[in-house]
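Open the model in your viewer and keep the selection panel at hand. At each stop you select something, then look at what is there.

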Amino acid sequence: MSSSRSIWPLVAVGALIGAGALATAVGVFGPASEPARPLTLYYADAQGMVLVPVTASLAAPRDPAAWAQAVFERLRKPTDAKLAPPVPADAKLIETAWAAPLWTLGVQLAKPPGSTDERLLVGALVRTFTAGWPGAREVRLKLLDAQGRPLASQHLDLSAPLTVADVANTLDTGPTGSGVKSTLWWPSKDGGTLVPVQIALTGGTGIPPRDAFERLVAGPPAEAGSFLTAVAPQGLQAGWASLDDGVARIDLAGALPDGEPASRFIEATVLTLTEFPDVRAVQFLHGGRPIDRAVGPFKLSGPVARPAGAAAPEATSGRSATP
């Protein structure tokens, strides 16, 4: 009887040790996920013309291959009904490899994509994977047909790694003496999203942020007129004032309404101008004086910085504010 009682402490200790070992094994060998964190995903606009960055929250696995699969699935199913998936529903991610700074992805497609569909697919994968995984800067993409045979790209060299600069949303690429490119943001006609469009700045003042802003308020390029619209609300005039100490100043005249049109105008202006490294914020004035009010989430009494959840500035050339 006494010997039986003396065994129980040993059994209890053994159970604790076993439980600890099991927990350790699960922690080391079982699935592990990071806490949910912001991730920029790239979807197509409703017309299937350009890519739109969307900030989402994703509790993704730490394992690179599992993370890649989780993100790939999200790109096939946008949560916003106004956006379209850049990755076809029948596409399969059949190969993933991560070796800093390069992702290698093999994507099997049920049928060869058209030129526009391919551009959106490749652009969404390159942008999302380089933005979302720490240290990633390049993606080597393998497109395969239903039988697993390589598909030739219609406009990209898929034998070399691709960067964000290789997959820009370029709708207006007219000749430019300065070589300055800028990403401008216009609203979609349905009012649902702001769409980034990379264009070449031609002519102008030679001060890239000013030229970008004046190009923004002039309206989207003609080839995007079927799905993008003017950024300034009706009855509002906006002019460039100055750029000092990293703050671009925009002077407004006329009525600045409440609601989504005004909020989109503020956001589009801030996103466009903070693409330039010399611009950290935008101050909105009315008749040369600060505006003591809020429009949507933006407090206009002081300089408005780039929203924390916004996509990172594009990798473009000639972006300095200094001519």
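Start with strand 9. Both of its faces are covered. On one side, Leu-194, Pro-196, Gln-198 and Ala-200 are buried. On the other side, Val-195, Val-197 and Ile-199 are buried too. Select residues 194-200 to see the whole strand: 7 of its 7 residues are buried. Keep in mind that this is a predicted model.

Now add strand 8, residues 181-187. Which way do strands 8 and 9 run relative to each other, parallel or antiparallel? They run antiparallel, and 7 bridges join them. For one example, select Ser-182: its bridge partner in strand 9 is Ile-199.

**From strand 9 to a loop**

Keep Val-197 selected and add Pro-221. The two are 24 residues apart in sequence. In space, their C-alpha atoms are 9.3 Å apart. Where does Pro-221 sit? It is found in the loop between helix 4 and strand 10. Is Pro-221 buried or exposed? Its relative accessible area is 4%, so Pro-221 is buried, the cut-off being under 20%.

**Helix 4**

Step back along the chain and select helix 4, residues 208-218. Colour its buried residues: Pro-208, Pro-209, Asp-211, Ala-212, Phe-213 and Leu-216. What do they pack against? Show strand 8, strand 10, strand 11 and helix 5, and you have the answer. You have already met strand 8, the antiparallel partner of strand 9. Strand 11 covers 247-254, and helix 5 covers 260-273. Next, click on Gly-219, which follows helix 4. The phi of Gly-219 is positive, near 115°.

**The largest pocket**

Turn on a surface view. Rolling a probe the size of a water molecule over the atoms shows where empty space is left. The largest pocket has a volume of about 380 Å³. It is lined by 21 residues. Select the ones closest to its centre: Pro-53, Trp-185, Leu-194, Glu-267 and Leu-271. Leu-194 is familiar, as one of the buried residues of strand 9. Strand 2, residues 51-58, supplies at least two residues of the lining, and so does helix 5. Now colour the lining by type. You should find 12 nonpolar, 6 polar and 3 charged residues.

**Salt bridges**

Side chains of opposite charge can pair when their charged atoms come close. How many salt bridges does the count give? It comes to 8. Visit three of them.

- Select Glu-73 and Arg-76. Their side chains meet in a salt bridge, at 2.8 Å from N to O. Glu-73 is partly exposed at 30% relative accessibility. Arg-76 is buried at 18%.
- Select Glu-95 and Lys-142. The closest N and O atoms of this salt bridge are 3.2 Å apart. Glu-95 lies in strand 4 and Lys-142 in strand 6, so the pair ties together parts that are 47 residues apart in sequence. Glu-95 is partly exposed at 29%, and Lys-142 is partly exposed at 34%.
- Select Arg-249 and Asp-244. In this salt bridge, the closest N and O atoms are 3.7 Å apart. Arg-249 is partly exposed, with a relative accessible area of 26%. Asp-244 is partly exposed as well, at 39%.

For a last view, show strand 9 again with both of its covered faces.

Note on methods. Residues numbered from 1 in each chain as written. Predicted model: local features only at pLDDT ≥ 70, side-chain atom pairs only at ≥ 80, totals over all residues. Heavy atoms only, no water. Buried < 20%, exposed > 50% of the residue type's maximum accessible area, 1.4 Å probe, protein only. Helix = DSSP H or I, 4+ residues; strand = E, 2+ residues; numbered from the N terminus. Pairing = 2+ DSSP bridges. Contact = heavy atoms within 4.5 Å. 1 Å grid on protein atoms, 1.4 Å probe; cavity = no way out; pocket = protein on both sides within 12 Å on 5 of 7 lines; lining within 4 Å. Points joined across faces, edges and corners; volume = space filled by probe spheres on them. Nonpolar A, V, L, I, M, F, W, Y, C, P; charged D, E, K, R; others polar. Salt bridge = Lys/Arg side-chain N within 4 Å of Asp/Glu carboxyl O.
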